[in-house]
Amino acid sequence: MASVKSVEEVVKENKSLMSKVSGLGPVLALVVLALLTTAMNPSFLDPNNLLNLLRQVSINGLIAFGMTFVILTGGIDLSVGAILALTSALSAMMITSGVPTLIAMLVGIIIGGILGGVNGLIITKGGAAPFIASLATMTIFRGATYVFTNGNPITGKAMNNSFVFQFIGRGYFFGIPVPVILMIISFIILYILLHKMTFGRKTYALGGNEKAAFVSGIKVNITKTWIYVISGIMSSAAGMVLISRLSSAQPDAGTGFEMDAIAAVVLGGTSLAGGRGRIFGTLIGALIIGTLNNGMNLIGISSFYQQIVKGIVIIIAVLLDRRKKA
Amino acid sequence: MKIDMIGISKSFGKNHVLRYVDFHLGNAEVHALMGENGAGKSTLMNIMTGLLKADAGQIMVDDKVVTFNGPKDAEEHGISFIHQEMNNFGEMTVLENMFLNKELKKKFGFLDESAMRSQTNSIFHTLHINYDLDSPIGNLSVGAQQMIEISKAMMTDAKVIIMDEPTAALTTSEIRSLFETVNNLKARGVSFIYISHRIEENMEIADKITIMRDGHTVNESLISDTSIDKIVTSMVGRDIGEFYPDRHTNYGNTMLSVSHLTRVDKFKDINFSVKSGEILGFSGLMGSGRTEIMRAIFGIDPIDSGDIKIDGKIEKISDPSNAITQGIGFVTENRKDEGLILDFSVAENIIMPSLQELVKNHMIDENTKDSFVDLLIKRLTVKTDGQNISVGSLSGGNQQKVVLAKWIGAGSKILILDEPTRGVDVGAKREIYDLMNELTDRGVAIIMVSSDLPEIIAMSDRIAVMYEGSLMGIVDNNEKVTESDIMTLATGGKI
């Protein structure tokens, strides 16, 4: 009897070990990727390069954190890039016309939240599929950006003269780029929201089984709408970092950013079907994409090939994920 | 055609579902297959139809050994399975459904509509039925769809038709015409395996009966040699008398009362109340509006008119979250769909309605959560290897206990149980009944919707019976009430 039990226990231990290891899959991939890059070009490990990499990752990271909540509910938000463009253009316009930078940016981020809320209402009250709803708002917000900017970049002296404006995108704090610090702060806040508060439990429950969540008394529509609001806020926050780095707002900014954000979430092990995944994985996913970009630049792979490689890496990640489930 | 299954065994992991089961189906006979949920009927039938492969044993068709590698193989031998949940596509027409994935084609892959029409019409003719081939199948009654399923089976030249709970959603007259068709086809040499929980029905339609329990065949006999009592005893494995606990009743105040509750096309003018400490049974056929009333009370579906009073005060219940605040809990009839998130852990499921209670300083307090879940797991004797095991890996009975734990944890004062013991094994059933007694002793008011008549009669203090959206009456459950009294009301009759 005792020996039988111990066999079962060993199996159980192995299983839990396996699940722990498989949860670390994205981290492992990141380490392997970093080692490979270092082997081909040791300057990858140069502190300046690493800080640069983190700064490059920060914009995608911010958007992808918000996208994680959306995808955990089984939804998708294709409008993140367009929200980024519209709200950053609005804030840039305010700054060039004399509104204090922080207020202008705060207003931009609030508008980002409202635009996300519009997505949420179309999806919950209107019953539209998230893919279609956000596809439509993506073109609407993008179009609005072109109308608003007349297709021209927004730039001006006020931007270059504002210390705060310059600091957000290009500044350093104790040697760490400010965008990286913003990313880390956002990560901590959203991590707590997702893993330590009831909002996170509701988010997972929505993605796991929306009907069961509803019957369990979770206010499905309200929770979901808030999640799209978060996605909008994170997108416009990323937009603020972007205009500061570029010293201008571009009407076509953020085109295709939704794809990088979704890729980061999926590479981080979050299931597109919802209900399963972690925001830590998204951070790692964003770092994997950043390392790929950075590494391929260092090695000297043409940017044409880079897209192909990124696509292949995503396919491999998804196939590994499917095998793990089976 | 005759089929012999000999020494069939099947296990899923450690769970032995079938152990050396024998099953013999004769030519042109109607063979009832009975057993509690989880006895292994579905697995046996899935093996017969090639959906599952047996670990051991043989299948013989007309004394020749066969192997089925998939449903297609079984179909080629003339075995056809009509599932309880019919695989119809409601938006597609009757004709399209008839030939789905078996379309007749002309040259170049064009559909041969006229051939399909005439073939369907000739089958309808032999079955004495007539439906518009061009209307969406979803517009037809469940009974009509059942007939079309039989037509589909006939089209594949079925010699054996397996029917799983075919009458669960049928009206009395539809049941009549189904039986006529079955007898009709039997006369033409077709055999039926008839799976139904309704014993009386089996006695009427079947020639032979096989009873399964816990993965074994416990009894095979001619219908003429058996009786309802014998069938029940061999199904449960002990005398039915001890299957249900005694009820002691001690009523308090009226907890919930509804008046003139109406939802158009679902139920009309419903009036009832339930007291603290009372179990009110809700009986009626599927689709009679029982579940719909409960969904409306719980705020899942809207009501068109009428009042819901809780503790004597009229309350407007807009959604489940609101109902939970009013102290209502709802164990839905569909555990997998609405009761649980199967991929999630026991703990994550249990805390869902009680999230707010576990918050300290804006965050979920892990210690409070752990002890809360532990307490409920112990109290309901959920057999699990821990809080973090996924609910989907538990047995049906333990899954149901997790659903109950959700609502007991949420402190529900009014508990609505919709088919609380469906898909639950015998032992866990008894535990659920005991739990219901314990809850009513503590003053909880319980409404139990159930299609299981013996259960309704054994556990309810009063029985409300529904028929086509109307409440036919509420019967005081004294010793004199019989299953046939309830059935009479449930089919529109009077007692």
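How many helices and strands does the secondary structure of chain B come to? In this predicted model, the count for chain B is 17 helices and 22 strands.

**Chain B as a whole**

The C-alpha atoms of chain B occupy a box of roughly 70 × 55 × 50 Å along the principal axes. The radius of gyration of chain B is 24 Å, which agrees with the value near 23 Å for a compact globule of 495 residues. Of the 495 residues in chain B, 43% are buried. Among contacts in chain B with a separation of 6 or more, 68% join residues that are 24 or more positions apart.

**A six-stranded sheet in chain B**

Chain B contains an open sheet of 6 strands with mixed pairing, in the order S16-S19-S20-S13-S21-S22. The edges are formed by S16 and strand S22 (470-476); each has a single partner strand, so one side of each is left without a neighbour in the sheet. From one strand to the next, the twist averages 15°.

At one of these edges, S16 of chain B runs over residues 328-331. Strand S16(B) pairs with strand S19 (residues 414-418) of chain B in the parallel sense, over 4 bridges. Two residue pairs across S16(B) and S19(B) can be named: Ile328(B) has Ile414(B) as its bridge partner, and Gly329(B) stands opposite Leu415(B).

The side chains of S16(B) are divided between two directions. Ile328(B) and Phe330(B) point one way, Gly329(B) and Val331(B) point the other way, and all are buried.

**Met105 in chain A**

Met105(A) lies in helix H5 of chain A, which spans residues 101-124. Is Met105(A) buried or exposed? Met105(A) is buried, because 27 other C-beta atoms lie within 10 Å, and the threshold for that class is 20 or more. Apart from neighbours within four places in sequence, the contacts of Met105(A) are Ser91(A) and Met240(A). Ser91(A) is 14 residues from Met105(A) in sequence, and their C-alpha atoms are 5.5 Å apart.

**The contact between chains A and B**

The contact draws 17 residues from chain A and 22 residues from chain B. On the side of chain A that touches chain B, the elements giving two or more residues are helix H10 (198-208) and helix H11 (210-215) of chain A. The table lists that side of chain A by residue class.

| Class, chain A side | Number of residues |
|---|---|
| Nonpolar | 6 residues |
| Polar | 6 residues |
| Charged | 5 residues |

Key:
Residues are numbered from 1 along each chain as its sequence is written. Chains are lettered from A and ligands numbered from 1 in the order in which they are written. This is a predicted model: local features need pLDDT of at least 70, side-chain atom pairs count only at pLDDT 80 or more; totals for chains, interfaces and linings use all residues. Two residues are in contact if their C-beta atoms, placed from the backbone, lie within 7 Å. Ala, Val, Leu, Ile, Met, Phe, Trp, Tyr, Cys and Pro count as nonpolar, Asp, Glu, Lys and Arg as charged, and the others, Gly among them, as polar. A residue is buried if 20 or more other C-beta atoms lie within 10 Å of its own, exposed if 12 or fewer, and partly exposed in between; C-beta atoms are placed from the backbone. Two strands pair if DSSP finds at least two bridges between them. Axes are lines fitted to C-alpha atoms, for helices over the stretch in contact, and angles run from 0 to 180 degrees between N-to-C directions. The radius of gyration is taken over C-alpha atoms; the globule rule is 2.2 Å times the number of residues to the power 0.38.
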